[in-house]
Structure formats: structure tokens, C-alpha cells
Amino acid sequence: MASNRPTPEDPSAYELDDRGAFPGPGVDDGDGPWEEWNPTEESTRSVRGKHRVAKQRGGGFARSGTVLGVGVIAAVGASGMASAEDRPPVPISMPDVGGMADDLSEKLPDAKELPGIGDLISDDGPAAAEAASAPADGTATAASMGTGADTGNAAGAGEALRSRILQQADAQQGSAEQDAREAAEKAAVQQAAAEAAAHQKSAEKAAAAKKAAEMEAKRKAEEAARRKAEAERLAKLAKSFIAPVSSYTLTASFGQAGDRWAADHTGQDFAAPTGTPVKAVHSGTITQAGWAGSYGYRIVLTLDDGTELWFCHLSSMVKTSGKVSTGDVIGRVGATGNVTGPHLHLEVRPGAGDPIDPMPWLREHGLNV
């Protein structure tokens, strides 16, 4: 039964060195001079976010050595070289790195000609010293660079988020303040409007009260003026109107009912002794004088406005026609006609029409009877 044979192991680097695969110092293998390689001196480190490239040593081998050192560092890791001696040998097969590095170095452009890199390369000693003092652990340097970049990016993202949050907070605070200001302004406007309305209402009420007081005062003044004018008028009329008799007693009044009259009483009776003088109440013209049945002897005095004054139940007539003046004696009190005793029956007939109550008419003409 056939079986798979195990793959032969490649010789380790140590075995190759024992077999002369790697010539030691002093042995010329045609690849050029060899010298001790110090990865610490060939590595670079990041200084404050900038990458500085150390000044390359003369010859292509130095450049190829740098490339080789970077490759080995990347493969081994940050602490690989320190622990490589304690681990068992690992079989590897390596190409002719020296010749390959020389070929590659000839094809690579000069670092000073690269855009953005040439300005960072300096021929001065301090830059080279800094490059030489950079740590050999290239992986650690790259990790530091990556961590710094990640930290910077994270810091930038956090700062941007913080800025956005602050902007949103400021915007919300500004909106809230604006709403508060608008609400305060609206409340102030409403309060001012309410106060203005109350003030207006109070002013209108005060104006109405003032107007009412003015109207009342005006009414009182007008009433006083009217009374004064009426008093003056009555005083003037009193000089032209007098009572029909000087001494009398009021007996039967206007509209009074009784069995002595066919209808209600149509005048005012002034009881006085027989022969008492009867005077003309106002100036006018005697239009009638004589016997009038139940009225006895009667004199009709017509005034200038057409009002007729009837003087009835006279015992005698002094004037029976013509004009008379206020206060002229036109007859005397008697008991002629339908009477029970001596008295003057006075009737007032405006426009020679139906009789009215004589007492108000006499008062309107300034007579206090």
C-alpha cells in the first residue's frame, strides 16, 4: 500500500551558514564588500507627525540593507528579533537579497525627487542624528504612527461631533430664548391692550358721568331760567290781570255735579255780599250784556286773543258795551237767575268755545286765587 512521503525540510539558516551558503567576513563572493548591519541606525521614526528619511549611506548596498531591514522587521514584529534566538530554528529559503536589492535600488527614484518628501529630507547632521537614533522596531514605529493617526482621526471626529452637539444645543437654546421672548412680548402686548381697554372704559365712564352731570346742570340751569322767565312773565301779567272781586270765598268749582244745574258746573263761583264791585279781569271789549235766563244778568267781556269771560248772576250792570281796561268796574255781585245766594259765577271760554276751568287759567295769567 503506497503512502505519501513527507516533504523534505529545507536547511535552516544556521545549516546554510555552516555549509558556506553565507560567506563570512573576509570571504569574497563577488557581491561586493560586506559590513555589519545595524537595523537601529537604518530605521526611521515619526517625529511629531512628520516622517523624516535619514541620509542614505554611500553605495547601493546601504539602500538595499534598509529595504531588507524593513522587511524583516515587518515580518518579525515589534519584539520578534528579541525573542528569535530563544526559538527553535525555522527552515527558510532566501533568495539572493543583495543582488535583488541592488537591482531594485537602481530602479527606485531618489527620495528627494518624490513630491512632498524631498522637502522633509535634510543633509544636516541633526536630521541624520534623529534618523539614526530612531528605534529599530519599525513595526512599533508604524504602529505608533497608525495609532497617532487613528487617535488624531478619532479626536477630530470627536471634536466634530462635539461641535455639532454644541451647535444643536446653541440652536435649541436660541430657539427657546426666541420663543420665550415672543411669549413675553405677546403677554406684554395683551396686558397693555387690557390696561388700555380698562383705561378706555374708565375714561368713557368718566366722560359719560361728566356728560350726565353737565346735562343735569344744563337742565337745572334751563329749568331755573324757565322759572325765572315765567316769574317775570307772570309778574308782568299781574299788572294787566286782576281778580274779578277783591274779597270773596270760593264755593262751587268747575265740573262739580249738583241738582241745581242741568249738567256739571261750568265755571267757578266767588261768593261775596250783594253789591260787591265786579271788575274787568283784563282789558277787552264788552260784546254782550243783559238777562240770560238761569245765568241772571250776564256781561260777556271778549279779550284781544278771542277768549270770552262770562260774568253772571249780577245784581246790576255798570257797563254794557265798549272797551274797558283792567280793573274797570263793570257790574255788581247779585243773586239773579238760578242761585241759592249772592255770588259771581265766572266762566272762561277760549275762542268763544266750550268752557274750561277758570282757576288754572287765572293762575297762568299771574293771578293767585
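Colleague: Before we look at any residue, what are the strands and helices that you keep naming, and which one holds histidine 313?

Modeller: Helices (H or I, at least four residues) and strands (E, at least two) are DSSP runs, numbered from the N terminus. In this predicted model, histidine 313 is found in strand E8, which covers residues 308-317.

Colleague: What is the phi of histidine 313, and how should I read its sign?

Modeller: The general idea is that most residues other than glycine have a negative phi. Histidine 313 is not a glycine, and yet its phi is positive, at about 65 degrees.

Colleague: Is histidine 313 buried or exposed?

Modeller: Histidine 313 counts as buried, because its relative accessibility is 5% and buried means under 20%.

Colleague: Which residue outside glycine has a positive phi near 60 degrees?

Modeller: That residue is alanine 352, and its place is in the loop between strand E11 (343-349) and helix H8 (358-364). Alanine 352 counts as partly exposed, because its relative accessibility is 45%, and that class lies between the limits of 20% and 50%.

Colleague: Let us turn to charged side chains. How many salt bridges are there by the rule used here?

Modeller: The general idea is that side chains of opposite charge can pair when their charged atoms come close. In this model the count comes to five salt bridges.

Colleague: Where do glutamate 216 and arginine 219 lie, and how far apart are their closest N and O atoms?

Modeller: Both residues lie in helix H7 (residues 138-238), where glutamate 216 and arginine 219 are three residues apart, about one turn of the helix. Their salt bridge has its closest N and O atoms 2.6 Å apart. Glutamate 216 counts as partly exposed at 32% relative accessibility, and arginine 219 is likewise classed as partly exposed, at 44%.

Colleague: Which residue forms a salt bridge with arginine 226?

Modeller: The partner of arginine 226 is glutamate 223, with the closest N and O atoms 2.6 Å apart, and this pair, too, lies in helix H7 with a spacing of three residues, about one turn. Arginine 226 is partly exposed at 47% relative accessibility, while glutamate 223 is partly exposed at 24%. Salt bridges that share partners join Glu223, Arg226 and Arg227 into one network.

Colleague: Are glutamate 347 and arginine 349 buried or exposed?

Modeller: Both glutamate 347 and arginine 349 are buried, and their side chains meet in a salt bridge with an N to O distance of 3.0 Å.

Definitions and conventions. Residues are numbered from 1 along each chain as its sequence is written. This is a predicted model: local features need pLDDT of at least 70, side-chain atom pairs count only at pLDDT 80 or more; totals for chains, interfaces and linings use all residues. Side-chain values use heavy atoms; hydrogens and water are left out. A salt bridge is a side-chain nitrogen of Lys or Arg within 4 Å of a carboxyl oxygen of Asp or Glu. Buried means under 20% relative accessible area, exposed over 50%, partly exposed in between (1.4 Å probe, protein chains only).
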